[in-house]
Protein chains: 2
Amino acid sequence: MTDLELKNRGTMFIISAPSGGGKSTVLKEAMKDIDNIEHSVSVTTRPIRGQEVDGIDYYFVSEEKFKEMLDDNQFYEYVNSDFGPKYGTPRKQVDELLKSGKDVVLDLDYPGVQQLRQLAGERVKAIALLPPSLRILRDRLVNRGTDSSEVIEKRMSMAEKRVKEAEFYDYVLINDDLNTVVEQLKAIILSTRVEKRNISNLGECIKCIVEDK
Amino acid sequence: MTDLELKNRGTMFIISAPSGGGKSTVLKEAMKDIDNIEHSVSVTTRPIRGQEVDGIDYYFVSEEKFKEMLDDNQFYEYVNSDFGPKYGTPRKQVDELLKSGKDVVLDLDYPGVQQLRQLAGERVKAIALLPPSLRILRDRLVNRGTDSSEVIEKRMSMAEKRVKEAEFYDYVLINDDLNTVVEQLKAIILSTRVEKRNISNLGECIKCIVEDK
């Protein structure tokens, strides 16, 4: 092998799935086999819990700090609810990862996709991960045993909305067979890296190839 | 697993590489592991040779027939040289493969990419397969032992042109390590199939997921 290496410009992969859709498992499996990809760490105003670590699970900030960041356009996207905690994706940290040639995985719903597309269109690939059926999703939520039946019903009605939004995504995966869906996700990430528009040193590479006669 | 299946609209994957670039090996390895993908069979006016089979290696036609097909817009792309044999990609056969949900691999150079993009833009993905260096390419041609040194020089000057054209392709692969490049090609094909715009029955699938409560 030669030293010639195509450099990756870095892409933001947004993965959306309804609660119970198996997103964490799929992502964990896919990211095991792929280098140079990292989860984005969100900013939140909610209090730190149990084992959580600031800067790893979230950046934990005060309401005032969040508002300051918002006013200063420091978010790629945010959820600014008047009740409950606020969440946002910090531009600075994401940009630093991209700049170093890494891909970034973001765990957002469709409003986040829309905001990110407006700010960074070409660098975003949005992937919808769907359950094979709402019935199967409900079974998973029930078996998980962490939610009350009231919460499950709420999640189910959100899930129906998520599934219908799939048509606005770049890619659609159905989480039926785990191996298949992991392979599909890996294929999306790896193929994006060899897209011409994502190779930041193509001119240089072509020059190297041609000059080494 | 459920019966739910995303249907593939079918994509034309054009792969271009300089002579000696290893295209056949890479394609053979990648296509071993992937279903529902076929090589396009070209039409040619050159005489049939040795073991070749009409309809498998090429569709062998007369000069008159070729001209007739050309006048009747039956090609996606063609090379209509006044000397030497003519070649063309027949629309009818390619369209039938795509219609049946198969992907089609086409072995064309950049002029073919341009013609195909004009006629079928969104359904085309063009992949440039480059050698790690012109020096390595020359070594491969010399070791292959099938070409005179005059022919090799001609191929080398064509190769330089091919490499420089890479910036007009959708994907760029460097054929340095065979396994890597085969994985990259497979990733391009598999990820294209889960692109939303290539799923021909997405609305139907969403309906199935949502209605199976």
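This is a chat about how chains A and B meet in a predicted model, and about some of its salt bridges.

Student: How many residues does each chain put into the contact?
Tutor: Chain A gives 39 residues and chain B gives 39 residues.

Student: And how much area do chain A and chain B bury between them?
Tutor: About 3700 Å², with 69% of it on carbon and sulfur atoms.

Student: What about polar contacts across the interface? How many residue pairs?
Tutor: There are 16 residue pairs in polar contact between chain A and chain B, counting pairs with both residues at pLDDT 80 or more.

Student: Which elements of chain A give two or more residues to that side?
Tutor: Helices H5 (134-144), H6 (149-165), H7 (178-193) and H8 (202-211), plus strand S9 (171-174), on chain A. The largest share comes from H7(A), with 5 residues.

Student: How do the residues on chain A's side divide into nonpolar, polar and charged?
Tutor: You get 24 nonpolar, 4 polar and 11 charged.

Student: Switching to symmetry: what turn lays chain A on chain B?
Tutor: A turn of 180°, with a shift of 0.0 Å along the axis and an RMSD of 0.0 Å. The two copies are therefore related as by a two-fold rotation axis.

Student: Which C-alpha of chain A is nearest the axis?
Tutor: That of Ala187(A), 2.0 Å from the axis. The same surface serves both copies, too: 100% of chain A's contact residues recur in chain B.

Student: OK, salt bridges. How many cross the interface?
Tutor: The rule finds 4 between chain A and chain B, while the whole structure has 48 over all chains.

Student: What does Lys213(A) pair with?
Tutor: Glu160(B), at 2.7 Å from N to O. Glu160(B) sits in helix H6 of chain B and Lys213(A) in the segment after H8 of chain A, so the pair joins two chains. Lys213(A) is exposed, at 53% relative accessible area.

Student: Now inside chain A. Is Asp147(A) buried or exposed?
Tutor: Asp147(A) counts as buried because its relative accessibility is 17%, under the 20% cut-off. Its side chain meets that of Arg155(A) in a salt bridge at 2.8 Å, N to O, and Arg155(A) is partly exposed at 29%.

Student: And where do Lys92(A) and Glu96(A) lie?
Tutor: Both are in helix H3 (residues 91-99) of chain A, 4 residues apart, about one turn of the helix. They form a salt bridge with the closest N and O atoms 4.0 Å apart. Lys92(A) is exposed at 57%, whereas Glu96(A) is partly exposed at 48%.

Note on methods:
Residues are numbered from 1 along each chain as its sequence is written. Chains are lettered from A and ligands numbered from 1 in the order in which they are written. This is a predicted model: local features need pLDDT of at least 70, side-chain atom pairs count only at pLDDT 80 or more; totals for chains, interfaces and linings use all residues. Side-chain values use heavy atoms; hydrogens and water are left out. Contact means heavy atoms within 4.5 Å. Buried area is the accessible area (1.4 Å probe) that two parts lose on being put together, summed over both. A polar contact is a pair of N or O atoms within 3.5 Å; within protein, one must be able to donate a hydrogen and the other to accept it, and residues adjacent in sequence count only if both atoms are side-chain atoms. Ala, Val, Leu, Ile, Met, Phe, Trp, Tyr, Cys and Pro count as nonpolar, Asp, Glu, Lys and Arg as charged, and the others, Gly among them, as polar. Copies are superposed by least squares on the C-alpha atoms of residues with pLDDT of at least 70 in both. Buried means under 20% relative accessible area, exposed over 50%, partly exposed in between (1.4 Å probe, protein chains only).
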